[in-house]
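Good morning, everyone. Please bring up the structure on your screens. I will walk you through a few parts of it.

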Amino acid sequence: AEAIGLYNLGQSCCLNSLLQVFFMNIRFTRILRRITVPPSPGQRRSNVPYQMLLLLEKMQCGKCKAVGPTDLACCLSEHRVKLFVQHDAAQLFLTLWNLLKKQMKNPELVAELSDLYTICIQEHLACQKCSFEIKSNSTMLTLPLPVLDASSHRLKTLEDSLQYFFHPEELTGQNMCFCQQCGRKTTFLQSMKLVHPPQTLTLHLKRFCFEQSFRTHKLSHSLPFPQELDLREVLTEDQCLANDSEKATWQYELFAVVAHSGSTSCGHYCAYIWSLTECKWYCFNDSEVCQVSWDDVKCTYGHSNLYWRETAYLLFYMKKHPQ
């Protein structure tokens, strides 16, 4: 009885889905169990990692089919996370992650948490008129992958989206940069290189697009994603900045899918998660948890004509052979 649901407190399906993805990740719960308990009741009430730990323990005592994340929700609202509103899963994931990192006092745990989720990228800008170039390293929690290319054509697969994300882009016209060597604005080539993908790699499919009319709409066309993802096969040599032994660890297996159904103004989230201990897929839909098949997970690939249907929004991949 390891899969326990979370009651919906009123539009808390997004929070519930993300919590289940955190809790089903054994490496995350190992870190969470080692946090320092805050000394005073007030500090304990407003400490996100501690409230997550309490909720996890409540779920694991396994006396009921679902528990209510009320205390954690109240704790989050102290940190300006609104309750009873529609959340965007990618934004809420980042918010939760930042609060966890900020409130884990132990630097060693913070480092482990970063290793578990942070993606290291190098951004490269090269002037196309001379040899001037700028390199800067940055970290990201999720890779925001486009589902359309620059000409608004649909990308066909997850691999296409990944390649497109790392595809060099020419900055011309209004986007030209000032080149210190040429002494004027010139055309630059901007490219991203993957330096280090983490143990748990989070991909964010940019299915919600902002239109001129300022209404967000959802792109729900089919975009298949694989159960096994080898980044060495997806990215080219010049899209990576790593040696072969590092690249040997770039093989991933799908661990979880946070899916969105409905429209942007009135939607619902649930999570499909692979149980690492039982080797089965489960669907976590608030208080309801049931075992599902890979075919059920594939139903979240998307469908052009049924935009209210369930569509994958966040994909979590886990390293097959971590170092």
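Start with strand S6 and strand S9, residues 188-196. They run antiparallel, and 3 bridges join them. Look for Glu-169. Across from Glu-169, in S9, stands Gln-190. Keep in mind that this is a predicted model.

Now widen the view. In what order do the 4 strands of the open sheet come? The order is S4-S3-S9-S6, and the pairing is antiparallel. Strand S4 (133-140) and strand S6 (169-171) stand at the edges. Each has a single partner strand, so one side of each has no neighbour in the sheet. On average, neighbouring strands here are turned by 30° against each other, if we ignore direction.

Next, strand S3, residues 119-127. Of its 9 residues, 7 are buried, so S3 is largely enclosed by the rest of the structure. S3 pairs antiparallel with S4 through 8 bridges. A hairpin of 5 residues makes the connection from S3 to S4. S3 also runs antiparallel to S9, and 8 bridges join those two. Find Leu-125. In S4, Leu-125 stands opposite Ile-134. In S9, Leu-125 stands opposite Gln-190. That is the Gln-190 that stands opposite Glu-169.

On to helix H1, residues 13-23. How many of its residues are buried? The count is 11 of 11, so to speak of H1 as mostly covered is fair. Among the buried residues are Cys-13, Asn-16, Gln-20 and Phe-22.

Stay with Phe-22. Phe-22 and Phe-28 are both buried. Their rings make a pair. A pair of aromatic rings is described by the distance of the centres and the angle of the planes. The structure holds 15 aromatic pairs. For Phe-22 and Phe-28, the centres are 4.8 Å apart and the planes stand at 40°, so this pair is tilted. Ring pairs also link Phe-22 and Phe-28 with Phe-93, Trp-97, Tyr-117 and Phe-316 in a cluster.

Last stop: empty space. Rolling a probe the size of a water molecule over the atoms shows where empty space is left. A search of the whole structure for cavities of 30 Å³ or more finds 1. The largest cavity holds about 30 Å³ of space. Which residues line the largest cavity? They are Leu-143, Leu-162, Phe-166, Leu-194, Pro-197, Leu-201 and Leu-231. By type, the lining has 7 nonpolar residues, no polar ones and no charged ones.

Thank you.

How values were computed
Residues numbered from 1 in each chain as written. Predicted model: local features only at pLDDT ≥ 70, side-chain atom pairs only at ≥ 80, totals over all residues. Heavy atoms only, no water. 1 Å grid on protein atoms, 1.4 Å probe; cavity = no way out; pocket = protein on both sides within 12 Å on 5 of 7 lines; lining within 4 Å. Points joined across faces, edges and corners; volume = space filled by probe spheres on them. Nonpolar A, V, L, I, M, F, W, Y, C, P; charged D, E, K, R; others polar. Pairing = 2+ DSSP bridges. Axes fitted to C-alpha atoms, helices over the stretch in contact; angles between N-to-C directions. Phe/Tyr/Trp six-rings, centres within 6.5 Å; stacked < 30°, edge-to-face > 60°. Buried < 20%, exposed > 50% of the residue type's maximum accessible area, 1.4 Å probe, protein only.
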